Structure formats: structure tokens, C-alpha cells
Amino acid sequence: MTYILHSDHGHAWLQVKRQELKDLGILDKISHYSYQKGDDVFLEEDCDYSRFYEAMAAINKTIELREVNSPYDDSIVRSYDGFSL
């Protein structure tokens with residue numbers, strides 16, 4: 001599956017559907033360092049993205065990335081709501 005990796009000068013976030021996190025059984029393990037907008041969760045790169053990657057690997061699913069980079073400005077992801085259940 002292809003996922004969008006949003007990044008800026010300081011951080012990156014993987015865009016994932018909330019339902020997918022729920023189906024993987026990790027929705028309640030996502031930290032407050034991630035963001036959300038609508039049905040999408042933007043997993044912070046340090047822990048939450050790794051948690052998602054490991055959950056996908058456990059069911060033999062691969063992740064392909066499409067990158068959206070904002071090297072000089074803050075990513076729009078920073079303006080979204082902080083993650084909450």
C-alpha cells in the first residue's frame with residue numbers, strides 16, 4: 001500500500017486512516033505527538049510510525065511511500081489537531 005509521508009525542516013508524519021490503526025489494534029497506542037484531521041491520523045516519525053510499520057510487517061504488508069516535503073516552511077500537518085482517541 002502507498003502512504004503519504006509529510007515532512008518539513010524538523011519532522012515527518014505518515015498519513016494513515018484511523019480505521020486502519022483500529023484494525024491493526026494500535027489506535028490506543030498512538031502518542032500525543034501525532035496529529036489528526038478528519039479520518040486521517042498523521043503518525044509522528046519517531047515512535048508512532050515505527051509502531052505502525054511493525055504492525056504492518058507482522059501481517060506481511062509492505063509500505064510504499066510518496067513524499068510531500070516542505071523543506072523551508074512548517075508542514076501543514078503542524079496546524080492539525082493533536083491526536084486523541
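User: Where is the place of Asn-60?

Analyst: Asn-60 sits in the loop between H2 and E5. Keep in mind that this is a predicted model.

User: What phi does Asn-60 take?

Analyst: Asn-60 has a positive phi of about 60°, although it is not a glycine. The residue comes just after H2.

User: Is Asn-60 buried or exposed, and why?

Analyst: The cut-off for exposed is over 50% relative accessible area. Asn-60 has 71% relative accessibility, so it counts as exposed.

User: Now the helix before that loop. Which residues of H2 are buried?

Analyst: First the general idea. An α-helix has 3.6 residues a turn, so residues three or four places apart point the same way. In H2, the buried residues are Asp-48, Tyr-49, Phe-52, Ala-55 and Met-56. These residues lie on the same side of H2 because they cover an arc of only 125° around the axis.

User: Which exposed residues are on the face of H2 turned away from the buried side?

Analyst: That face carries Glu-54 and Ala-58, which are exposed.

User: What do the buried residues of H2 pack against?

Analyst: They pack against E1, E2, E4 and E5, and also against helix H1 (18-24). The helix H2 lies across E1, E2, E4 and E5, and runs at about 105° to E4.

User: How do I read the sheet, and in what order do its strands stand?

Analyst: Strands of a sheet pair through backbone hydrogen bonds, either parallel or antiparallel. Here six strands form an open sheet, with the order E5-E1-E2-E4-E3-E6 and mixed pairing. Strand E5 (64-70) and strand E6 (81-82) are at the edges; each has a single partner strand, so one side of each has no neighbour in the sheet.

User: How many bridges join E4 to E3, and how many pair E4 with E2?

Analyst: E3 and strand E4 (residues 40-44) run antiparallel and are joined by three bridges. E2 and E4 are also antiparallel, paired over five bridges. You can follow single residues across the strands. Val-41 in E4 is the bridge partner of Gln-36, and Val-41 is the bridge partner of Val-16 too. Lys-37 stands opposite Asp-40 in E4.

User: How many residues lie between E3 and E4?

Analyst: Two residues lie between them, and the two strands form a hairpin. Gly-38 in the turn has a positive phi of about 60°.

User: Which residues of E4 are buried on each side?

Analyst: Asp-40, Phe-42 and Glu-44 are buried on one side, and Val-41 and Leu-43 on the other, with both faces covered. That makes five of the five residues of E4 buried.

User: What does Gln-15 contact?

Analyst: Gln-15 is in strand E2. Leaving aside neighbours within four places in sequence, its contacts are Tyr-3, Ile-4, His-6, Asp-40, Val-41 and Phe-42. With His-6, the side chain of Gln-15 makes a polar contact of 2.7 Å. With Asp-40, the side chains of the pair make a polar contact of 3.0 Å.

User: How many aromatic pairs does the structure hold?

Analyst: It holds three aromatic pairs. To read a pair, look at the distance between ring centres and the angle between planes, where over 60 degrees counts as edge-to-face. The rings of Tyr-3 and Phe-52 have centres 5.3 Å apart and planes at 80°, so this pair is edge-to-face. It links distant parts of the chain, with Tyr-3 in strand E1 (residues 2-8) and Phe-52 in helix H2 (residues 48-58), 49 residues apart. Both Tyr-3 and Phe-52 are buried.

User: Why is the pair of Trp-13 and Tyr-35 edge-to-face?

Analyst: The planes of Trp-13 and Tyr-35 stand at 75° and the ring centres are 6.1 Å apart, so this pair is edge-to-face. Trp-13 in strand E2 (residues 12-17) and Tyr-35 in strand E3 (residues 35-37) are 22 residues apart, so the pair links distant parts of the chain. Trp-13 and Tyr-35 are both buried.

User: Which residues does Arg-18 touch?

Analyst: Arg-18 is in helix H1. Not counting residues up to four places away in sequence, Arg-18 touches Leu-27, Gln-36, Asp-39, Val-41, Phe-83, Ser-84 and Leu-85.

Definitions and conventions
Residues numbered from 1 in each chain as written. Predicted model: local features only at pLDDT ≥ 70, side-chain atom pairs only at ≥ 80, totals over all residues. Heavy atoms only, no water. Phe/Tyr/Trp six-rings, centres within 6.5 Å; stacked < 30°, edge-to-face > 60°. Helix = DSSP H or I, 4+ residues; strand = E, 2+ residues; numbered from the N terminus. Buried < 20%, exposed > 50% of the residue type's maximum accessible area, 1.4 Å probe, protein only. Polar contact = N/O pair within 3.5 Å; in protein donor to acceptor, adjacent residues only side chain to side chain. Contact = heavy atoms within 4.5 Å. Pairing = 2+ DSSP bridges. Axes fitted to C-alpha atoms, helices over the stretch in contact; angles between N-to-C directions. Arc of directions from axis to C-beta.
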